[in-house]
Each structure stands twice: as C-alpha cells, then as structure tokens.
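Dear colleague,

I am passing the structure below on to you, with my notes following it. Please read them with the coordinates open beside you.

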Amino acid sequence: MKIPSASQSRAASALVAVIITVTILALLASSLVVNVNNRRMTLSQASAWQEALAAAEAGVHQGIAQLEQGLAQNSLPLAGPSPIAWSSPFPSGTTTSTSTRVYLSHAGEGPSGASNSYADYTLTLNENTTQTIPRPYYCIVSVGTVGLPGGKSLSMDSADAVLRKLNLQTATRTATRTIEAWVRPVYTTQSPLKTDQAINLNNHNIFVDSFNSADPNRSVNGAPDARDSNGHLLTNIGQFDAPNFNVPLAANIATNSPFAAIGNASVYGDVLTNGGATDGSGTTVTNISNVKGQIINDYYEPIDPIYAPQWSNATLSNSINNSKTFTGGTSTNPARYQVGTVASIGDIRLSGGKQVKFDFGTTGGSPDPSKDYVELYVTGNFTTRGGGNTDGSVVIVNGVNVKIYVAGDLNFSGNGLINYNNKASSLEIYGISPPDGTTQSFTLAGNSDFYGTVYAPGADLKLAGGGSSGEFVGSFTGKSAFLNGTTQIRYDEALAGSGRISSFKIAAWFEDVKKTGTFTGQLQF
Amino acid sequence: MIAHPVYNKQTGGGGMTLPEIMIALAILGIVLSVCYGSSVALQRGFAATTSWADARTNQLRVLDSLAADLRNATAKSFTISADGLTNTLPLTLTIPMRYQPNPSPSPAYETTGPLAGDPARFALRVEPGVYPTTGGMQYRDSSGQQVAIAVTYRYGASGTKRTIVRRIDWPYTAAPTSTLALSPPLLAAANTASREVGSFTNYSSASLSNPDNILKVTFTNKDMQLISSSDTAVVVRMEASPDSLHPEKKSVLNDTVFLREATFK
C-alpha cells in the first residue's frame, strides 16, 4: 500500500503556484511588450511616412534640375503629352511611360541600402499659348517610397491607417507619398529691371513705368508715347504720363540682394529685395517715397547664366572698326555672324560716323522681307562712341529682328543705337557670363531712345539718360544696376514671354492622397 | 499489522511560539504591502506610459494631418487666441478641389465612415489650367469657375475625450479673375464630411469647454508672432496633458510647416 507523503503534496502545490505566477508574469510582460512594440511600430511607420515625403520632393527637385540642365544645354524637351524619360546627356523628345528613379540614402530602422528609399518621377510637357506665345509648362509627378521597418503591424488606432495609407499587403511593406508639381517658365523679359546685386537709382527724375505695345489703348502705335521729329512729346500713354489706366502696376524692379537705393525715383510697381530693410539703422532700401507699389523683402529668383553660342554655321570675321552691314536670314534659319573666336577675340569698335547696320537679306538682289532675322556673336567688346550726325552707329532697319551676344563689355553711347522698329521685342542683347572674378560692364547712354532687351547676368549695368529723352523701352537684367540722369525705363508688358527662358518656377504643388493612379499631368483649359 | 504514521518527534512535536507567529505575520504583512504598493505603482506607471504614448501618437497624427493640409492650401484663416498672442483653432484652409465625382451623382469625397473627407474611391481628377493674366495655375469646374474645398480643423468632444475634428466642405466656386480664399463664416456647401483625427482623454475635472485644460493647439510664425499674410511658414505647437496625476505636465510637440502652395507667386 502506498502511503501519501505530505512533503510531496506541498511540493506539487508549490509547483502549481510557481507555474501560475510565471504565467501571469509572462502574460503581463508580453502584454507590455506588445503594447510598447505596437507604439514603437506606429512611430517608426510615421517616421517612414515622413521620409517618403522627403523622397517625393527629391524627385520633384531632380525633375526641375534636369529642366535647368536642359536650359543650359539649349535642349529643353519637346515631347508631350506623354511622360518624358530622361537620361544624360539630355535628349529632347523621347517619350515613354517609364518613370525615372532616384535613390536616396537611408539610415535608421528598416532595410538598409539605397533601394529602401527612392522616388519615381515623370515629366510631362504641356504647351500653353498665351499672348500668342507657346509656353512650356511641365508637370512633375513624383512618388516617394520608403520601406517600413519591422514586421507587419497596424497601429492600434485606425486613424493612423486612414491618414498614412501604408502598404502592408505585399512582401515589401512600404510607405508612399505622391507629389504633383507644376513648373512654369520664367523669361528673361519679365520685369523692367532685375539684378543679383544692388540697384542704384541715382536721381529723382528717373522713373520706371510700363505700357503694353500690344494693346492699342495702352500704347501709341506700339510705343509708350508719341513725339514729333524734334523729339517733343505729342501724346502721353505710359503710367508716368497718365497713370489712371485701371490696370495692375507691372513695373516691378527686383534684386536678389537686400540693397536698393531708389533715390526717390518714381517706380510704378513694387520694389522687391531679398531681405531688404526700410527702417532702423540697418536700412538697405532707401528713398522710397515715390514707389507706387509695395516694398517686398522676400524675393529671390535665380538669374541663370548665359553661355557662349556654339554655332557651326556662322560667318566668321575679325575685329570690326569700319561700317558693315549684317543681312538677315529666315526665322527658322537666321543669318549668324561671329566676330573673332575664343582663341582670337574680336571686337567691334565704331566711331566717326562708322555704322553697323542690320538689314534684310536679299533674294535676287532685292531685299527679302522674309529674311529678317540676324544673330551676332561678338567674342570681345562692342562699343560705339557716337559721332554720327544723322543716324547712330548701330542701326536696325525697321522690320529686322536682331540678337546680339557679347562676351566682353558693351558701351553704346552718344547716338549709339537706333532701332527703327520702335519695338523692344525686335532687339535682344545678351551678355555672356564672364568667368568668376572677371568684371563685365554694359553701358547704354545718350539722348536717343533705346528699344530692346538686355540680359547680362554677369554685367554691371549702367543706364544713363541724357538731355530730356533718355528713354529705355524694354527690359533689363544685370548683375547690378546704376541709373542716373533723366533715365526712364518703360517696360513693355507685351515682352513677358519673349526672349529666353531663364529658369523654371514652381507654379503649383499638391500632395495626392488618393491611392489609386496618379494625375495625368495634362492641362485642361 | 496496523501501520502508524511515523512522526519526527523533533519537528512534529513542537508548534510555533506566539512570537514566531507574530514575527512571521509581520514579515508577511510587510512583504504583501510592498507587493501591493509595487503593483499599484506598476499599474499607475503602466497607465501613465500608455497615456503618454497614446497622446504622443495622437499628437503626431494631428500634426501630420495638419501639415499635409497646410502644404496644399492656397489660403488660410486662423482664429486668434483669447490672449491675442497666438493663433489657434478653428483653422479654415482653402485647398484647390482636385477631385470630381465619378459617376456624376456620387460625391467627390467620402462623406461617411473612417475615410470621411478623403477622395472618394472612384473620384476623377481635376486637371489644372493656366490663368493667362498671371501665368499661374488654376483648378476649374466644367463651367469655368474656380473650384475649391474648405478644410476646417476645430476642437471637438466625444464622451470624456477632447478631440480634433477635420471637416471638409465642397464645392466652393469663384470666377477665374477672383481670389478664392475661404474664411468663416463659410457659406453652406453642397457636401460636408468630417472625422476625428485625434482623441485625448480628459483626466481632470475641468469642463471640456476649456480646451486648454486637456489640449491646446497654437499657431505662430517663425518669430512666435501672429501669422500674417506674408508668412511662408507656420509653427504648429500642440500641448496635451496625458498624466492623470500630474495634468500640469505637458506633452508638447512642435512642427514647422512650409506653406508650399500658398507661397508661389
């Protein structure tokens, strides 16, 4: 017969008690671990979701950078409306539905390596025609993707899932965010005066206003005013002369620096600076009593450089100091002339009645109105010293369109240039950006009216009116600007969109929270 | 033969003396009280940790939701707090309406359920166009009117909880030439949807009508001043009191949001 042992019974009870205790403790511990881990996963997923936004924005920036590269290489993409795939060097017209992938470095939780954080983006070209000018708008759709760390785990609160819409279903768990950004072109002629460094308007007689040569109600035969043969004013139309046009002020002058000495000049628009101050001891925007618009201090727009033309079909010549006529070609095949080479720089220096003339090309010995485009590249300086009794030293025949690229200094003084088109859009002067540390100056002076646009991002710009009619009709961009005398800048609003595209600017930015499909990237009206 | 249990005379013969029992009971009492105290402290600590974690999770979600809407907004309208020093809720944002119904009778946005206010499952996109006068982008309906939604964040209450509610109203239209910037009081829209984006437990006896007691959301510019139309970023600050024993201890989260869409010129 087996006799029960009291010590055995107590040992069994102790074992049960220990097991129960351990079980309870284990349950408590596991509950704690699950709770803590769930919250940790929620925070990690939120972090990945934030990183996905950074990745998506990186894709947008990469798209913009490639557009800027296209500008520098003069080969903006022409394909559309399908998304455009890119490679280097820049193609100009390959269409495909394949997006471009950008990898980003990723640290911290989750799978390591470049493949854990990336953006897929597409570029789509839309041409939008306003003021009869087709303008390239690009849609960039970028999807940023970041791998989720840890195991498959949903937050305890469904609101997290609603907000972040994480992908937990596939073998590769990810957080994705989609950005649709639209960029629009910025042209070299979109304001009367724009600089990187200081603007100095050194006389209260200076004024900057605007008119619209394409609007018969806001121009006199396309000009800001009308004068008789002696230069006397007959009809006023610009805002300075007759300001009540009931249109928004458009003569904005802008600098990427904080410095703008306005000199109590009349400005029929805003003065925009980058951090300029109008009060206190550190005033950098001074004498603004006659500014009709606002003083804005959060402006910055990059002024892109101009590179030397790489022409293979130009007519080469050495330096010029005698009269010469450059005749035109067609709009699709303009006549191109190059003075000097990079290795042997050539100047144009005119004085004593010598004249450079831009005229129509000929067909059968007669002027051909269809041959009205001339492009000239001066590898050195281009200067006139006046001296002509009737005409200036540079003459543009009415109807001829001229582009001039100057690598050195430019100085048109006296009756330096007469543009018989009386239209600013017919003359574009570009200052090729000099090497770092090299100065460049562009001076326009004299009594005659100047019709044209100047874009010289590396040049110190000087506009000096003389007598009573120092009128500069057009748009002017330089490294810095100095105006004195009775200088008048009369900005032609019809210019906006002509000239070159200098950069692209974001016009719309939108995060698409709908998870199925993406925007088409097409303009609808 | 009758078997008798064998007793150890030395152990079985003598019981515990009274002092031994008293000492044992005293030790047991001390051990139990320590265990109880530890258990209560553990429970409180666990509850406090959970509350803080929940509050932080909710704060983070509200900040993320606010940030996403602020980035998309073309215009903003804040309330000024009672002390006049900061902006606070309600906040009304104007956001271009990028979705349209598909098929036509169905709403462009979910109207009920946990996804209320999100684009509807089968909604179609509204593609933009260019406004010729400025060259800027616009979003229009089929009649050529600009079309936008109003997104409003405000305090709410659910039982003993303070909540943050995101509500959208749509569509709002305006001529292409006008500035579409919505601000309270909003005109009645054809559709509305709202959902809670954050929920915070009320641990104090204060009324839910006092939002600062449980949850405080403020907005300032980068200089900690009231937000003006020229500001390009908003500093969002959210204070919660997740600790029931120490409501004065705040869980604070800050986020600086760049007003992307509103700052394009």
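In chain A of this predicted model, four strands form an open sheet in the order 17-20-25-28, and their pairing is parallel. The edges are taken by strand 17 (324-327) and strand 28 (417-419) of chain A, and because each has a single partner strand, one side of each is left without a neighbour in the sheet. Direction ignored, neighbouring strands of this sheet are turned against each other by 10° on average. At one of these edges, strand 17 of chain A is joined to strand 20 (residues 356-359) of chain A by four bridges in the parallel sense, and within strand 20 of chain A it is Lys357(A) that stands opposite Thr325(A).

A second place to look at is strand 33 (residues 488-492) of chain A, where five of the five residues are buried, so that this strand is largely enclosed by the rest of the structure. The burial applies to both faces, with Gln488(A), Arg490(A) and Asp492(A) lying on one side and Ile489(A) and Tyr491(A) on the other. Strand 33 of chain A pairs with strand 7 (residues 207-211) of chain A in the parallel sense over five bridges, and Asp492(A) serves there as the bridge partner of Phe211(A). Strand 33 of chain A also runs parallel to strand 32 (residues 471-484) of chain A, to which three bridges join it; here Gln488(A) is the bridge partner of Glu471(A). Asp492(A) and Gln488(A), which take part in these bridges, are thus both on the face that carries Arg490(A).

As for chain A as a whole, its secondary structure comes to two helices and 34 strands, and 44% of its 525 residues are buried. Among the contacts in chain A with a separation of 6 or more, 66% are made by residues 24 or more positions apart.

Finally, there is the interface, in which 34 residues of chain B are in contact with 30 residues of chain A. On the side of chain B that touches chain A, at least two residues each are supplied by helix 2 (18-72), strand 5 (129-130) and strand 9 (191-201) of chain B, and the largest share, ten residues, comes from helix 2 of chain B. By character, the residues on this side of chain B divide into 14 nonpolar, nine polar and eleven charged.

With best regards

How values were computed. Residues numbered from 1 in each chain as written. Chains lettered and ligands numbered in written order. Predicted model: local features only at pLDDT ≥ 70, side-chain atom pairs only at ≥ 80, totals over all residues. Contact = placed C-beta atoms within 7 Å. Nonpolar A, V, L, I, M, F, W, Y, C, P; charged D, E, K, R; others polar. Pairing = 2+ DSSP bridges. Axes fitted to C-alpha atoms, helices over the stretch in contact; angles between N-to-C directions. Buried ≥ 20, exposed ≤ 12 C-beta atoms within 10 Å, placed from the backbone.
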